[in-house]
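Open the model in your viewer and keep the selection tool at hand. The tour goes stop by stop, with something to select at each one.

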Amino acid sequence: MADYVKPVVFKLGNEEYGVDINLVNGIEKYQQIVPVPNSVAFIKGIINLRGEVVPVYDLRKKFNMPAFSGNGEERKLIVVKLPDIMVALEVDAVSEIHDFSVQDIVKMPDIVMNDNTRFMERVANVNGRLIVLMDINYLLSEKEMEDVKKLKEDLE
């Protein structure tokens with residue numbers, strides 16, 4: 001294991017999260033999202049990313065947060081590589097790409113862990129600032145992953 005962690009740090013509301021830069025395919029400007037009626041629960045819709053149809057994952061909905069209500073100038077789409085598929089994570093803002101030392105990272109307390117939070121395995125504590133580090137390989141449940149793959153196949 002490396003002696004550092006380098007996540008792309010982003011915001012949802014006042015909370016900060018990080019996703020491993022090695023799994024990030026790109027950070028894109030927010031763009032028109034085409035809704036897909038009767039789609040997977042956390043999929044907001046799809047975008048056309050350089051000719052490829054990419055599902056947009058609504059993290060606010062997944063985290064039971066209210067819908068975004070700001071002006072949207074800082075909103076971004078973080079395109080991540082999941083096994084067999086790319087997904088764009090809709091975020092309020094991307095704040096930085098950060099180098100964390102392993103001394104700054106602790107395991108998420110067991111009391112908050114369950115099947116719905118298993119992707120939130122670690123927390124970076126930097127000068128009292130807590131950043132939840134997400135393992136996006138566990139963000140979608142197996143059923144959600146199958147549904148997203150099927151949605152993408154149906155749209156191609």
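Which residue in the turn of the β5 and β6 hairpin has a positive phi? Arg 50 does, with a phi of about 50°, and the hairpin has two residues between its strands. We will come back to that turn after a look at the whole chain.

**Before you start**

This is a predicted model, in which local features need pLDDT of at least 70, side-chain atom pairs count only at pLDDT 80 or more, and totals for chains, interfaces and linings use all residues. Residues are numbered from 1 along each chain as its sequence is written, and side-chain values use heavy atoms, with hydrogens and water left out.

**Stop 1: the whole chain**

Show the chain as a cartoon. Its secondary structure comes to two helices and 13 strands. Helices (H or I, at least four residues) and strands (E, at least two) are DSSP runs, numbered from the N terminus. The chain is as compact as a globular protein of 156 residues, because its radius of gyration is 15 Å, close to the 15 Å from the globule rule. That radius is taken over C-alpha atoms, and the rule is 2.2 Å times the number of residues to the power 0.38.

Now turn the model around. The C-alpha atoms fill a box of roughly 45 × 35 × 30 Å along the principal axes. Of the 156 residues, 44% are buried. Buried means under 20% relative accessible area, exposed over 50%, and partly exposed in between (1.4 Å probe, protein chains only).

Contacts come next; a contact means heavy atoms within 4.5 Å. Among contacts with a separation of 6 or more, 58% join residues 24 or more positions apart.

Switch to the surface. The chain exposes about 9,000 Å², and carbon and sulfur atoms supply 48% of that area. Areas come from the Shrake-Rupley method with a 1.4 Å probe; for residues, only the protein chains shown count as cover.

**Stop 2: the β5 and β6 hairpin**

Select residues 43-49 for β5 and 52-58 for β6. The two strands pair in the antiparallel sense over six bridges. Strands count as paired if DSSP finds at least two bridges between them. Pick Gly 45: Val 56 in β6 stands opposite. β5 is mostly covered, with five of its seven residues buried.

Now go to the loop between these strands, where Arg 50 is found. Arg 50 is not a glycine, yet its phi is positive. Is Arg 50 buried or exposed? Arg 50 counts as exposed, at 66% relative accessibility.

**Stop 3: Asp 58**

Stay on β6 and select Asp 58, which is found in this strand. Asp 58 is buried, with a relative accessible area of 13%. Show what surrounds this residue. Leaving aside neighbours within four places in sequence, Asp 58 is in contact with Phe 42, Lys 44 and Glu 90. Then draw a distance to Phe 68, ten residues apart from Asp 58 along the chain: the C-alpha atoms are separated by 10 Å.

**Stop 4: from β2 to β3**

Select residues 7-12 for β2 and 15-20 for β3. They pair in the antiparallel sense over six bridges. Pro 7 has Asp 20 in β3 as its bridge partner. Two residues lie between the strands of this hairpin, and Gly 13 takes a positive phi near 65°.

**Stop 5: from β3 to β13**

Keep β3 and add residues 129-134, which form β13. In which sense do β3 and β13 pair? They pair in the parallel sense, over three bridges. Label two partners in β13: Val 132 for Tyr 17, and Met 134 for Val 19.

**Stop 6: β12 and its turn**

Add β12, residues 120-126; β12 and β13 pair in the antiparallel sense over six bridges. Asn 125 stands opposite Leu 130 in β13. This hairpin has two residues between its strands, and Asn 127 in the turn has a positive phi of about 55°. Asn 127 is not a glycine either. Asn 127 is exposed, with a relative accessible area of 82%.

**Last stop: Asn 38**

Go to the loop between β4 (24-29) and β5, and pick Asn 38. Asn 38 is exposed, with a relative accessible area of 83%. Finish with a distance to Asn 137: the two C-alpha atoms are separated by 24 Å, and the residues are 99 apart along the chain.
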